[in-house]
Each structure stands twice: as C-alpha cells, then as structure tokens.
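Q: Got a minute to walk through this model with me? I'd like to go strand by strand, then look at the ligand.

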Amino acid sequence: MSKIQAAITGVEAYVPEYRLTNQELEKMVDTTDEWIVSRTGIKERRILKGEGLGVTDIALPAVQGLLKKTGTRAEEIELLIFCTVTADLIFPASANILCDKAGLTKAWGFDLQAACSGFIYGLTTASKFIESGTYKKVIVVGADKMSSIIDYTDRSTCIIFGDGGGAVLLEPSTEGVGIQDAVMFSDGSGRQYLHQKAGGSVKPPSHATVDAREHFVFQDGQPVFKFAVKNMADAAALIMERNQLSAEDIKWLVPHQANKRIIDATASRMGIGSEKVMLNIQRYGNTTNGTIPLCLYEWEKQLKKGDNIVLAAFGGGFTWGAIWVKWAYNS
Ligand code: UT7
C-alpha cells in the first residue's frame with residue numbers, strides 16, 4: 001500500500017476591508033511612498049477596524065469559506081491548529097475560541113507560536129497527525145491582527161505589517177501528492193532583534209510598560225534582514241538539494257512576505273525566475289502567519305495537481321524553514 005501523505009485539499013483566506021496606504025502613512029510618520037516601496041515592495045496593507053474584534057474574526061470567515069468550498073461539515077474536523085502571534089486573549093487559546101465560533105464541536109486544537117514561521121511549523125505539525133493515520137481532517141489556520149501590536153509612531157515597523165490570514169484543510173492521500181518533506185529550524189539567540197518586550201511573564205503589563213510603549217513589536221531591522229536573507233534562501237535550497245529537485249522541477253515558490261528583497265534573494269538562490277514566485281506583499285504587507293495561506297488562496301486557480309511548490313518562511317525567534325508540497329488538486 002502507498003504511504004499516507006498529508007494533502008492540502010482546500011484553501012481560503014480573508015483580509016479586512018480597510019486599506020492603509022503608503023500615502024496615509026506619510027501623514028502619520030516621517031516616511032515616503034518611495035522609501036517604503038524601494039526598501040520593502042509594500043504599497044498598502046489591510047487593517048481590521050472595529051471595537052472588540054480580534055484575530056479569530058479574521059480566521060472565522062476563512063474557516064467558514066474553507067468548509068463550504070470543500071464540502072466539509074463543521075463536525076467532521078478533528079483538529080485545528082491556529083498559528084498566530086496575536087491571539088484574541090493570552091488564554092484560552094484562539095483555537096478554542098475559533099472552534100466554538102465556527103461550530104467545530106468535535107475538534108480539539110491549540111495555538112502555535114513561531115512568529116512569521118508559524119504557518120509552516122503548523123503545517124509540518126499537522127501533517128504528522130495525518131501521516132500517522134490518527135486524523136483524516138485537520139485545519140491549519142495562519143492569521144494575525146498585527147495592527148494590535150504595532151506602534152503607529154514607529155516608522156521602522158508600522159510600514160511593514162498588516163492584518164489578514166487564511167486556512168487550509170489537510171486530508172490523507174495515497175496518490176503521492178501532499179507534503180513531501182519539511183526542514184524546520186530555530187535559533188533563540190536571535191530573539192534580541194525581534195520581540196515584544198512586555199506582557200509576558202518576565203515583564204507583566206504595568207503602567208510603566210504601557211508608558212514605555214513596550215507592548216508593541218520591537219525590531220532591529222538590519223540584523224533580522226541579514227539573517228532572513230541567508231537562512232530563508234538556505235532552507236529553500238536545502239529542501240531542493242536533499243530531494244534532488246532542480247529549478248525546472250519547481251513550479252512555484254510560496255515565500256513568507258516580509259520584504260521583497262528577501263524573497264528575491266530566495267528565488268535567486270533557488271535559480272528560479274520571478275514568474276514562479278507568488279508575491280502579494282504590495283497589497284497586504286507582512287501579515288505574519290497569514291502570508292503563505294493568503295498566497296496559496298490567491299494563486300489556487302493556477303495550481304495544478306502534481307505541481308511541486310516550495311513554501312519558505314523566516315521569522316522572529318529566530319525561526320525558519322521550508323516545505324516541499326506536491327499540489328493535490330485542480331480547482
Ligand atoms: O517577518 C519576519 C522578519 N522580519 C523581516 O524579515 C524584516 C527584515 N528587515 C527589513 O525588511 C528591513 O531591515 C526594513 C524594511 C525593516 C528596514 O530597511 P533597511 O534597508 O534595513 O533600513 P534601515 O533599518 O537600515 O534604515 C535605513 C535608514 C535609517 O536612516 P539613517 O540612520 O540611515 O539616517 C532609518 O532611520 O532608513 C531610515 N528609515 C526610514 N526612512 C523612511 C527607517 N524606516 C524608515 C521609513 N521611512 N519608514
């Protein structure tokens with residue numbers, strides 16, 4: 001019998017309506033459209049507006065759409081992994097909240113936090129539950145409401161991030177399609193360059209932490225950039241090398257959308273042209289856990305059964321990795 005592999009059998013995504021453009025940011029901080037586009041490739045990003053709305057309000061329409069388009073009943077889902085850095089609450093997990101809101105009454109779930117690499121960590125984790133024969137229907141969500149932790153007076157971070165996310169359904173396949181291989185890495189010594197200083201157990205929230213603006217994303221961009229350029233490209237090259245995949249074999253690169261220059265470096269290291277690279281950073285910025293499912297969703301109609309695609313990400317932690325997927329369906 002052929003081995004069981006975890007196939008992505010559907011993808012859906014959601015972005016909030018409000019568009020925060022570079023022109024609007026020019027009025028908020030000392031920056032220019034020209035600087036943002038040339039350094040990052042970003043033109044606008046989406047922001048979730050409205051009192052009392054959190055990341056599960058971004059994930060919910062994605063999960064509902066996913067169930068609908070794949071013809072899956074809510075109670076068929078056995079496990080949901082929610083990859084996010086902007087959970088609705090510190091606890092309980094957003095996975096619990098989302099399962100309740102979406103009526104996934106038979107599913108258990110948990111949140112997975114690996115900064116911008118969360119979605120590929122989550123996909124790798126979920127694939128093991130399918131490959132082992134434990135479950136037949138697993139949802140992996142990648143979503144963030146980055147606007148909830150961004151300091152809109154800090155020009156080095158507020159120009160980058162946006163809100164959005166998506167969800168994929170994983171099911172078993174014995175046809176040779178699905179997740180073929182994954183390489184995951186982390187190096188906690190990189191935490192000094194990208195983190196949120198307060199709100200955790202080391203520095204619980206206080207008037208002082210709020211006054212010092214320590215509940216926002218802190219990023220020292222240059223070292224993160226240098227590490228990301230090298231390691232995301234290395235991970236993508238490694239997954240090709242150890243599976244004897246040539247540039248011609250690869251149909252698509254699905255990169256985390258943090259900076260167009262990091263994406264270009266990864267594509268160049270893989271030896272593939274820009275026509276094979278999914279790129280929507282110009283419209284959404286960096287949605288952290290949302291970037292890869294958002295790309296898969298927007299390119300879904302162009303994907304064909306058997307296409308070799310490489311997902312690659314790099315994020316705070318540091319965390320990084322790459323996954324080789326054989327696409328499982330024609331839509
Ligand atoms: O998502 C996962 C992990 N994150 C990443 O992968 C992000 C990695 N880092 C980056 O993408 C880039 O480092 C940034 C886009 C964040 C910054 O670009 P950079 O080319 O590394 O710029 P820089 O931080 O070295 O700053 C260069 C200059 C500085 O001015 P001086 O010191 O040269 O006078 C900054 O103050 O640009 C200035 N600057 C800005 N100027 C206009 C920084 N932000 C802005 C801005 N507008 N928004």
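Q: How many bridges join S4 to S6, and do they run parallel or antiparallel?
A: This is a predicted model. In it, five bridges join strand S4 (residues 79-83) to S6, and the two run parallel.

Q: Which residue stands opposite Ile 139?
A: Leu 80 stands opposite Ile 139 of S6.

Q: And S7, parallel or antiparallel to S6?
A: Antiparallel. Eight bridges join S6 to strand S7, residues 163-173.

Q: What is the bridge partner of Val 138 there?
A: Leu 170 in S7 is the partner of Val 138.

Q: How many residues of S6 are buried?
A: Eight of its eight. The strand spans residues 138-145 and is mostly covered.

Q: Which way do the S6 residues point?
A: Val 138, Val 140, Gly 142 and Asp 144 point one way. Ile 139, Val 141, Ala 143 and Lys 145 point the other way. All of these are buried.

Q: Why that every-other-residue pattern?
A: In a regular strand the side chains alternate between the two faces of the sheet.

Q: Asp 144 caught my eye. What does its side chain make a polar contact with?
A: The side chain of Thr 86, at 2.5 Å. Thr 86 sits in the loop between S4 and helix H4 (94-102).

Q: Is Thr 86 buried or exposed?
A: Buried, because its relative accessibility is 6% and the cut-off for buried is under 20%.

Q: Switching to the ligand. How many residues surround it?
A: 24 residues. The closest are Thr 31, Arg 39, Gln 222, Asn 259 and Asn 286.

Q: What are the polar distances to side chains, starting with Thr 31?
A: A ligand nitrogen is 2.6 Å from an N or O atom in the Thr 31 side chain. A ligand nitrogen is also 3.2 Å from an N or O atom in the side chain of Gln 219. For Arg 261, a ligand oxygen is 3.2 Å from an N or O atom of the side chain.

Q: How much of the ligand does the protein bury?
A: 74% of its area. Taken alone, the ligand exposes 940 Å².

Q: Which elements supply at least two residues each to the shell?
A: Four helices and one strand: H2 (33-40), H6 (155-158), H8 (221-241), H9 (260-270) and strand S12 (308-315).

Q: Which one gives the largest share?
A: H8, with four residues.

Q: What's the mix by class?
A: Ten nonpolar, ten polar and four charged residues.

Q: Which domains does the shell draw on?
A: Domain 1 (5-176) and domain 2 (180-326). Each contributes at least three residues.

Q: Back to H8. Glu 241 is in there. Buried or exposed?
A: Exposed. Its relative accessible area is 54%, and the cut-off for exposed is over 50%.

Q: How far is Glu 241 from Met 270?
A: Their C-alpha atoms are separated by 9.8 Å. Along the chain, the two are 29 residues apart.

Q: What about Ile 42, buried or exposed?
A: Buried, at 0% relative accessible area. Ile 42 is in the loop between H2 and strand S3 (44-47). Its C-alpha is 14 Å from that of Arg 155, which is 113 residues away along the chain.

Q: Now the backbone oddities. Where are the cis peptide bonds?
A: One runs from Phe 91 to Pro 92, with omega near 0°. Pro 92 is in the loop between S4 and H4. Another runs from Gly 317 to Phe 318, again with omega near 0°. Phe 318 is in the loop between S12 and strand S13 (319-326).

Q: Why flag those, and positive phi too?
A: Most peptide bonds are trans, and most residues other than glycine have a negative phi.

Q: Which residues have that positive phi?
A: Gln 244 is one, at about 50°. Thr 288 is another, at about 55°. Neither is a glycine.

Q: Where is Gln 244, and is it buried or exposed?
A: In the loop between H8 and strand S11 (252-255). Gln 244 counts as exposed, at 67% relative accessibility.

Q: And Thr 288, buried or exposed?
A: Buried, at 3%. Thr 288 is in the loop between helix H10 (281-284) and helix H11 (291-299).

Note on methods
Residues are numbered from 1 along each chain as its sequence is written. This is a predicted model: local features need pLDDT of at least 70, side-chain atom pairs count only at pLDDT 80 or more; totals for chains, interfaces and linings use all residues. Side-chain values use heavy atoms; hydrogens and water are left out. A residue is near a molecule or strand if one of its heavy atoms lies within 4 Å of it. A polar contact is a pair of N or O atoms within 3.5 Å; within protein, one must be able to donate a hydrogen and the other to accept it, and residues adjacent in sequence count only if both atoms are side-chain atoms. Accessible areas come from the Shrake-Rupley method with a 1.4 Å probe; for residues, only the protein chains shown count as cover. Ala, Val, Leu, Ile, Met, Phe, Trp, Tyr, Cys and Pro count as nonpolar, Asp, Glu, Lys and Arg as charged, and the others, Gly among them, as polar. Domain bounds come from an automatic or database domain assignment. Buried means under 20% relative accessible area, exposed over 50%, partly exposed in between (1.4 Å probe, protein chains only). Two strands pair if DSSP finds at least two bridges between them.
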